[in-house]
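Here's a quick tour of a structure you haven't met before. Keep the 3D view open as you read.

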Amino acid sequence: MHEYSLAKELVKTLLDGVPEDQLGKTEIVHVELGELRILSKEALSTAYGIITEDTLLEGSEIEYEDVKLEARCQRCDFSGPVSYEEEEGVHFAVPVLSCPECGGAVDILKGNELAVRKLTVADDDEG
Ligand SMILES: [Zn+2]
């Protein structure tokens with residue numbers, strides 16, 4: 001299960017990198033998710049819930065921020081969003097991308113993200 005191992009990695013990163021007093025009050029984990037990351041947000045969130053049980057992060061949730069695909073052409077000066085079409089019935093693990101201007105190969109600038117951007121931590125003032 002792809003999502004499960006990613007969620008595990010994510011939780012480990014948080015537990016290792018965030019001070020405990022913040023972890024205990026974390027309500028929402030904001031995660032940047034690139035368009036090219038072909039995974040199920042639902043499965044990732046479910047896995048996150050299971051993995052964070054009995055940890056300081058128990059009860060917190062992931063909120064996703066979609067990162068659009070952006071690429072730069074290796075041949076011409078084009079740089080920007082690139083769309084790709086998935087052929088019906090065919091699912092590429094990695095979509096094949098090409099420059100909309102010249103059809104050349106492109107380098108991916110954005111779209112591969114899976115990173116924690118920030119945490120929403122409960123307010124200290126209660127009431
Ligand atoms: Zn080009």
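L14 touches L23, V29, L57 and V116, leaving aside residues up to four places away in sequence; touching means that the C-beta atoms, placed from the backbone, lie within 7 Å. This is a predicted model, where local features need pLDDT of at least 70 and side-chain atom pairs count only at pLDDT 80 or more, while totals for chains, interfaces and linings use all residues. Residues are numbered from 1 along each chain as its sequence is written.

**Starting from L14**
- You'll find L14 in helix α1; helices (H or I, at least four residues) and strands (E, at least two) are DSSP runs, numbered from the N terminus.
- Is L14 buried or exposed? L14 counts as buried because it has 21 C-beta neighbours inside 10 Å.
- The cut-offs go like this: a residue is buried with 20 or more other C-beta atoms within 10 Å of its own, exposed with 12 or fewer, and partly exposed in between, with C-beta atoms placed from the backbone.
- L14 and L57 sit 43 residues apart in sequence, and their C-alpha atoms are 8.7 Å apart in space.

**The whole chain**
- The protein chain has 3 helices and 6 strands.
- Reading from the N terminus, the elements go α-α-β-α-β-β-β-β-β.
- Out of 127 residues in the protein chain, 15% count as buried.
- Take the contacts in the protein chain with a separation of 6 or more: 79% of them join residues 24 or more positions apart.

**Helix α1 (residues 2–17)**
- At 1.5 Å a residue, the 16 residues of α1 should span 22 Å, and the end C-alpha atoms are 23 Å apart, which agrees. The expected span is 1.5 Å times one less than the number of residues.
- A7, L10 and L14 are the buried residues to look for in α1. They cover an arc of only 60° around the axis, so they are on the same side of α1; the arc is that of the directions from the helix axis to the C-beta atoms.
- A bit of background helps here: an α-helix has 3.6 residues a turn, so residues three or four places apart point the same way.
- What does the face of α1 turned away from its buried side carry? That face has the exposed residues S5, E9, K12, T13 and D16.
- The buried residues of α1 pack against α2 (20–23), β1, α3 and β6.

**Helix α3 (residues 41–51)**
- L44, A47 and Y48 are buried in α3. Seen down the axis of α3, its buried residues fall within an arc of 105°, so they line one face of the helix.
- Over on the other side of α3, E42 and I50 are exposed.
- The buried residues of α3 pack against α1 and β2.

**The mixed sheet**
- One open sheet has 3 strands in the order β2-β1-β6, and its pairing is mixed; strands pair if DSSP finds at least two bridges between them. β2 and β6 stand at the edges with a single partner strand each, so one side of each is left without a neighbour in the sheet.
- Neighbouring strands of the β2-β1-β6 sheet are turned by 25° against each other on average, direction ignored. Axes are lines fitted to C-alpha atoms, for helices over the stretch in contact, and angles run from 0 to 180 degrees between N-to-C directions.
- Strand β1 (residues 26–34) and strand β6 (residues 114–121) pair in the antiparallel sense over 7 bridges, and V31 has V116 as its bridge partner in β6.
- β1 also pairs with strand β2 (residues 61–67), this time in the parallel sense over 7 bridges. The chain gets from β1 to β2 through helix α3, and this β-α-β crossover is right-handed: with the strands pointing away from the viewer, the path from the first strand over the helix to the second runs clockwise.
- Two bridge pairs to look up between β1 and β2 are I28 with E61 and G34 with V67.

**The antiparallel sheet**
- Another open sheet of 3 strands runs in the order β4-β3-β5, with antiparallel pairing. Its edge strands are β4 (79–81) and β5 (106–110), each pairing on one side only.
- From one strand to the next, the twist in the β4-β3-β5 sheet averages 30°.
- Strand β3 (residues 70–73) pairs with β5 in the antiparallel sense over 4 bridges, and R72 has D107 as its bridge partner in β5.

Key:
Two residues are in contact if their C-beta atoms, placed from the backbone, lie within 7 Å.
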